[in-house]
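Reader: Please take one part of this model and describe it closely, residue by residue where that helps. I should like a connected account, with the cut-offs behind each term.

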Amino acid sequence: MPQIQLTPAQRKVHRAEAHHLDPVVLVGGDGLTANVIKEVDAALNAHGLIKVRVFSDDRTAREAMFQQLSTDLNAAPIQHIGKLLVLWRPQPEKEKVIDEDRMPGPRDFKVLKYSKRAGQRPEVKTLRVLGNQRLTAGGNVRRAKPKPKVSVKKRSQT
């Protein structure tokens, strides 16, 4: 697979984004093994922009690894500075699975609780309301109203 070609402006943006990143993959004395390439591929799929640290002192070997990783994994070489290699590949689109049976989760509300004493600031409380609960006008959490009870007479009529 060919490597991705970027303009200098795009490369500059990715270098700036990678500045604060830590190396995700470390290449040891064995060099680029199949497992290392597999881990770099998985990291590119997960993060898109990664740093790889190579512990080799040979600059030409690091440069060869950089080129091999970018061509084998269809990634764009962003930067090779010291023993760090920065690679970028666009992340694949993730499918969003919609579950029809999913119920709404808990909701958080901020409620002002006023003091009975005048001149006091109201206290801000965060209340978590579950799916079967409701928040009253006074700021209390109540259970949802139960179904109205049907009398014995009405049950016998249906």
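Author: Strand β3 (residues 76-81) pairs with β4 in the antiparallel sense, over 5 bridges. Pairing here requires that DSSP find at least two bridges between two strands; the elements themselves are DSSP runs numbered from the N terminus, helices being H or I of at least four residues and strands E of at least two. The model is predicted, so local features need pLDDT of at least 70 and side-chain atom pairs count only at pLDDT 80 or more, whereas totals for chains, interfaces and linings use all residues. Residues are numbered from 1 along each chain as its sequence is written, and side-chain values use heavy atoms, with hydrogens and water left out.

Within this hairpin, Ala76 of β3 has Trp88 in β4 as its bridge partner. The hairpin of β3 and β4 has 2 residues between the strands, and Gly82 takes a positive phi near 65° there.

Strands β3 and β4 are also among the elements that cover the buried residues of α3, together with β1, α2 and β2. Helix α3 (59-72) has 14 residues and reaches 20 Å from its first C-alpha to its last, close to the 20 Å expected at 1.5 Å a residue; the expected span is 1.5 Å times one less than the number of residues. Arg62, Met65, Phe66, Leu69 and Ser70 of α3 are buried, that is, under 20% relative accessible area, with exposed meaning over 50% and partly exposed in between (1.4 Å probe, protein chains only). Seen down the axis of α3, these buried residues fall within an arc of 125°, so they line one face of the helix; the arc is taken from the directions from the helix axis to the C-beta atoms. An α-helix has 3.6 residues a turn, so residues three or four places apart point the same way. Just after α3, Asn74 takes a positive phi of about 55°.

On the other flank of the sequence, Ser56 lies in the loop between β2 (49-54) and α3. Its side chain reaches the backbone nitrogen of Asp58 at 3.2 Å. Not counting residues up to four places away in sequence, Ser56 touches Ala61, Arg62 and Lys83, contact meaning heavy atoms within 4.5 Å. Arg62, one of these partners, is itself among the buried residues of α3.

Strand β4 (84-88) also serves α2, whose buried residues pack against β1 (25-27), β2, α3 and β4. These buried residues of α2 are Val36, Ile37, Val40, Ala43 and Leu44. They fall within an arc of 125° seen down the axis of α2, and so line one face of the helix. On the other side of α2, Ala34, Asn35 and Lys38 are exposed. Just after α2, Gly48 takes a positive phi of about 90°.

Arg89, in the loop between β4 and β5, links several of these regions. At 11% relative accessibility, Arg89 counts as buried. Its side chain makes a polar contact with the side chain of Asp41 at 2.7 Å; such a contact is a pair of N or O atoms within 3.5 Å, where within protein one must be able to donate a hydrogen and the other to accept it, and residues adjacent in sequence count only if both atoms are side-chain atoms. Neighbours within four places in sequence aside, Arg89 is in contact with Ile4, Asp41, Leu44, Asn45, Gly48, Leu73, Asn74 and Ala75. Among these partners, Gly48 is the residue just after α2 with a positive phi, and Asn74 is its counterpart just after α3.
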